[in-house]
Amino acid sequence: MQQGNTDALKDRIQQLKKQRNAVILAHNYQIGEVQDIADFVGDSLDLSHRAAEADAETIVFCGVHFMAESAAMLAPEKTVLLPEALADCPLANMVTGPQLKKVRQRYPGVPVVTYINSTAEVKAESDICCTSANAIEVVNSLREERVLFVPDKNLGGYVSRFTSKEVILWHGYCITHHRVTLRDIEKARRDHPGAPIIVHPECPPEVSINADQVLSTGGMVDFVARTGEKKLVIGTEVGLLYRLKKENPEKEFYLLSPGLLCPNMKYTTLHKVAHALEHMETVISVPEEIRKEAVVSLARMLEVR
Ligand code: SF4
């Protein structure tokens with residue numbers, strides 16, 4: 001897009017934002033232009049809190065469907081818009097509410113810990129939610145000696161290394177992070193000797209075990225800001241590198257694997273944000289009976305720390 005057109009579109013978005021009394025939230029994996037026009041950039045939980053606290057009537061959530069749903073659950077009095085209705089998370093769709101309901105009958109008394117990357121219907125069937133930042137603390141906070149961890153087997157497997165509890169894994173995975181291999185780690189060690197390799201816990205176990213740090217996206221942002229290292233290899237979705245470079249212009253970042261691109265996170269464009277505000281679509285809402293159950297498992301997570 002030409003610079004003049006981009007500037008005009010950004011101006012239009014600012015006007016519409018005022019008219020609609022809106023706030024724009026963008027996930028760390030969004031394209032750079034979208035991150036630049038957002039009021040807040042962060043991970044899904046951060047942004048849900050921003051949505052709840054925002055002094056606005058309309059929330060434009062630049063991310064994927066389950067994130068907009070979480071915002072709609074935590075801010076039910078606000079209108080939550082997803083600029084691209086097809087932006088969905090394949091990991092979240094690897095478990096459904098009815099599937100979880102059926103499987104949990106096989107494990108009476110075993111609490112279900114559900115990663116925030118899940119649908120509202122699944123959260124409603126769960127005992128407690130977690131994020132990639134607090135999953136270990138959440139599991140260790142439970143009294144029971146066994147937990148069913150849903151839906152990401154890589155995050156659940158990572159947690160199992162830091163708890164004495166038995167973690168029963170669902171079979172889901174993030175199709176983007178699951179593509180990273182041990183060979184990517186070996187290649188990065190050769191190509192960038194001495195540079196720390198930081199990966200997301202959604203990566204497969206052989207990758208997490210051989211990385212220098214395993215962190216959530218928020219953890220990566222904090223680590224990079226604090227470290228004296230000047231070159232870092234980043235093992236999460238490529239969109240985060242835009243933010244890392246912007247906030248740390250003196251440092252160099254290398255993507256661990258070319259496969260670290262989530263197509264669903266790239267659907268949202270400036271045009272779609274403007275269109276969403278202009279036409280007030282697509283509105284994301286959660287039926288009240290599901291919302292009531294799902295917010296309980298979110299609230300339990302928030303009590304952990
Ligand atoms: Fe889902 Fe993975 Fe894409 Fe995140 S990066 S939205 S977990 S598929």
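Contact here means heavy atoms within 4.5 Å. Keep that in mind as you look around this predicted model, because angles between a helix and a strand are taken from lines fitted to C-alpha atoms, for helices over the stretch in contact.

Let's begin with the sheet that holds strand 8. Four strands make up this open sheet, in the order 6-5-7-8, and their pairing is parallel. Strand 6 (128-130) and strand 8 (166-169) are the edge strands; each has a single partner strand, so one side of each has no neighbour in the sheet. On average, and with direction ignored, neighbouring strands here are turned by 30° against each other. As background, strands of a sheet pair through backbone hydrogen bonds, either parallel or antiparallel.

Now zoom in on one pair within this sheet. Strand 7 (residues 146-150) and strand 8 run parallel and are joined by four bridges. If you would like a landmark, find R146: its bridge partner in strand 8 is E166.

Follow the chain onward from strand 7 and you come to P151, in the loop between strand 7 and helix 8. The peptide bond leading from V150 into P151 is cis, with omega near -15°. Beyond that loop, helix 8 (residues 153-160) lies across strand 5 (112-115), strand 7 and strand 8. Relative to strand 8, helix 8 runs at about 170°.

There is also an open sheet of four strands with the order 2-1-3-4, again with parallel pairing. Its edges are strand 2 (40-42) and strand 4 (79-81), and since each has a single partner strand, one side of each is left without a neighbour in the sheet. Neighbouring strands of this sheet are turned by 25° against each other on average, ignoring direction. Strand 1 (residues 22-27) runs parallel to strand 2, and three bridges link the two. One place to look is A26, whose bridge partner in strand 2 is V41.

A few backbone details deserve a visit too. Most residues other than glycine have a negative phi, and most peptide bonds are trans. N21, in the loop between helix 1 (3-20) and strand 1, has a positive phi, near 50°, although N21 is a residue other than glycine. Further along the chain, a cis peptide bond joins E281 and T282, with omega about 0°. You will find T282 in the loop between helix 13 (270-279) and helix 14 (288-303).

Finally, turn to the ligand. Which residues are around it? They are Y29, C89, P90, L91, N117, C174, E202, C262 and M265. By character, the residues of this shell divide into seven nonpolar, one polar and one charged. The space that the ligand takes is the largest pocket.

Terms used
Residues are numbered from 1 along each chain as its sequence is written. This is a predicted model: local features need pLDDT of at least 70, side-chain atom pairs count only at pLDDT 80 or more; totals for chains, interfaces and linings use all residues. Side-chain values use heavy atoms; hydrogens and water are left out. A residue is near a molecule or strand if one of its heavy atoms lies within 4 Å of it. On a 1 Å grid over the protein atoms alone, a cavity is a set of points where a 1.4 Å probe fits but cannot get out, and a pocket is an open set with protein on both sides within 12 Å along at least five of seven lines; lining residues have an atom within 4 Å of a point. A molecule sits in a cavity or pocket if more than half of its atoms lie within 2 Å of its grid points. Ala, Val, Leu, Ile, Met, Phe, Trp, Tyr, Cys and Pro count as nonpolar, Asp, Glu, Lys and Arg as charged, and the others, Gly among them, as polar. Two strands pair if DSSP finds at least two bridges between them. Axes are lines fitted to C-alpha atoms, for helices over the stretch in contact, and angles run from 0 to 180 degrees between N-to-C directions.
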